[in-house]
Every structure is written in structure tokens, then in C-alpha cells.
Amino acid sequence: MRSRRMTYEEMMSLEPMSALGDRSRTPGEVAAIRDGASSLADYDARSVLEWVGGDLAVAARVAAGEPLTVYRATGADEGLIWPGAYVTTSREYAEQHGRTHLGDFKILKASAAASDLFPASGQREFFFAPADLRAWHRRHRPTSRHRRVP
């Protein structure tokens with residue numbers, strides 16, 4: 001049984017899950033994200049609006065149960081948004097992150113359900129944690145250099 005939803009303030013007080021980077025997250029860690037927190041779809045309208053940085057269009061898509069476009073600033077060696085990755089619903093926010101923290105970067109874009117996005121470090125920051133990791137890996141057919149779900 002899931003406990004009560006954490007407030008925005010409670011989520012902000014948590015330590016980050018991993019300091020090793022997104023690709024270091026195991027399937028178990030991705031499952032722990034899903035089991036240990038509420039997804040964006042679980043929050044009330046006011047909280048969703050806070051998490052998405054006041055973006056009314058994104059909040060309306062969450063309320064309607066429509067897929068969201070998520071973005072990720074990354075180095076040239078990544079081509080997919082991997083489960084467990086930090087993502088944002090704002091392209092501008094991703095670009096700002098890339099300029100500030102990465103230098104040479106590109107922006108990745110994907111579609112995700114609000115139920116696959118879990119509030120992370122602050123407004124506009126989410127963990128991407130798809131409900132069915134096996135299906136995600138089958139769809140994206142990772143190469144042998146990437147970890148597969150057992």
C-alpha cells in the first residue's frame with residue numbers, strides 16, 4: 001500500500017538518488033523511483049502547476065491524461081532518454097541546463113505519460129521511470145554496450 005503523497009516541500013528536502021549519473025541507475029533503482037514517490041499524475045492541479053513551473057499548457061495535458069513532451073540536455077554520446085534520467089517538460093529549461101552545466105550539448109526529446117514522470121530536484125525536474133521497463137527496452141532495442149533488463 002502506498003503512503004500519502006509527499007508535498008513539494010518534502011520532496012525538495014530529499015537527497016538525490018544517485019550521484020553517478022542517469023545511466024548508472026539499475027532497473028531496481030528505476031523501480032524504486034516508482035515505488036517510493038508519487039508520479040506527476042498523482043498530484044492535484046495546484047501541485048502539478050507548481051512542479052511544471054507554472055506552465056498552464058503542460059498542466060492541462062496532465063489533467064487531460066495526454067502524453068507530455070519531455071526534454072533532456074545531454075552530451076553527444078547519448079541518443080535516448082533512458083529510464084531513470086532527469087528530464088524536464090520545458091525545452092528552454094533543458095537548453096539552459098545544457099549551457100550552464102554541459103558546454104557542448106544536444107537536446108533529446110521524447111513522449112511520456114505523466115504517470116512515468118516523478119518529481120526530482122525542483123520545479124520542472126523529473127525522473128523518467130516508465131511503468132514497463134521490459135516494453136521500453138524492447139521498443140528501443142539497446143545495443144550490447146547498454147545494460148538490459150533481466
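**Figure 1. Glycine 84 is buried, at 0% relative accessible area.** Buried here means under 20% relative accessible area, exposed means over 50%, and partly exposed covers what lies in between, with a 1.4 Å probe and protein chains only. What you see is a predicted model, in which local features need pLDDT of at least 70, side-chain atom pairs count only at pLDDT 80 or more, and totals for chains, interfaces and linings use all residues. Residues are numbered from 1 along each chain as its sequence is written, and side-chain values use heavy atoms, with hydrogens and water left out. Glycine 84 belongs to the loop between β1 (68-74) and β2 (86-87); helices (H or I, at least four residues) and strands (E, at least two) are DSSP runs, numbered from the N terminus. Its C-alpha lies 9.2 Å from that of phenylalanine 126, a residue 42 places away along the chain.

**Figure 2. The whole protein, for orientation, has 6 helices and 5 strands.** Following the sequence, you meet the pattern α-α-α-α-β-β-α-β-β-β-α. The protein has 150 residues, and 39% of them count as buried. About 8,700 Å² is exposed, with carbon and sulfur atoms supplying 51% of it; these areas come from the Shrake-Rupley method with a 1.4 Å probe, and for residues only the protein chains shown count as cover. Take the contacts (heavy atoms within 4.5 Å) between residues at least 6 apart in sequence: 68% of them join residues at least 24 apart.

**Figure 3. Three strands, in the order β2-β5-β4, make an open antiparallel sheet.** Two strands are taken to pair if DSSP finds at least two bridges between them. The edges belong to β2 and β4 (117-119), each of which has a single partner strand, so one side of each has no neighbour in the sheet. Between β4 and β5 there are 3 bridges, in the antiparallel sense. Look here for proline 119, which stands opposite phenylalanine 126 of β5.

**Figure 4. Phenylalanine 126, in strand β5, is buried at 0% relative accessible area.** From C-alpha to C-alpha, phenylalanine 126 is 5.5 Å from tyrosine 86, although 40 residues separate the two in sequence. Setting aside neighbours within four places in sequence, the contacts of phenylalanine 126 include Leu40, Trp51, Val52, Tyr86, Thr89, Leu117 and Pro119.

**Figure 5. An aromatic pair joins tyrosine 86 of β2 to phenylalanine 127 of β5.** Rings of Phe, Tyr and Trp (its six-membered ring) pair if their centres lie within 6.5 Å; planes under 30 degrees apart count as stacked, over 60 as edge-to-face and the rest as tilted. By this rule there are 2 aromatic pairs. The pair of tyrosine 86 and phenylalanine 127 has ring centres 4.8 Å apart and planes at 35°, so it is tilted. The two residues lie in distant parts of the chain, 41 residues apart, with β5 covering residues 126-128. Tyrosine 86 is partly exposed at 24%, while phenylalanine 127 is buried at 8%.

**Figure 6. Threonine 89 sits in the loop between β2 and α5.** Threonine 89 is buried, with 8% relative accessible area. Beyond neighbours within four places in sequence, its contacts include Val52, Val58, Leu68, Tyr71, Leu117, Arg124 and Phe126. Helix α5 (residues 91-102) has 12 residues and reaches 15 Å from first to last C-alpha, close to the expected 16 Å; the expected span is 1.5 Å times one less than the number of residues. After α5 comes glycine 103, with a positive phi near 75°.

**Figure 7. The largest nonpolar core holds 21 residues, with Leu40 and Leu117 having the most contacts inside it.** Such a core is a set of buried Ala, Val, Leu, Ile, Met, Phe, Trp, Tyr and Cys residues joined through side-chain atoms within 4.5 Å. At least two residues of this core come from each of α3 (45-51), α4 (56-64), β1, β3 (106-112) and β5, and the largest share, 3 residues, is that of α4. Leucine 40 touches, among others more than four places away in sequence, Val48, Trp51, Val62, Ala114, Leu117 and Phe126. A second, separate core has 8 residues, including Val30, Ala37, Ala120 and Phe127.

**Figure 8. Strands β1 and β3 pair in the antiparallel sense over 7 bridges.** Valine 70 faces alanine 110 of β3 across this pairing. In β1, 6 of the 7 residues are buried, so the strand is largely enclosed by the rest of the structure.
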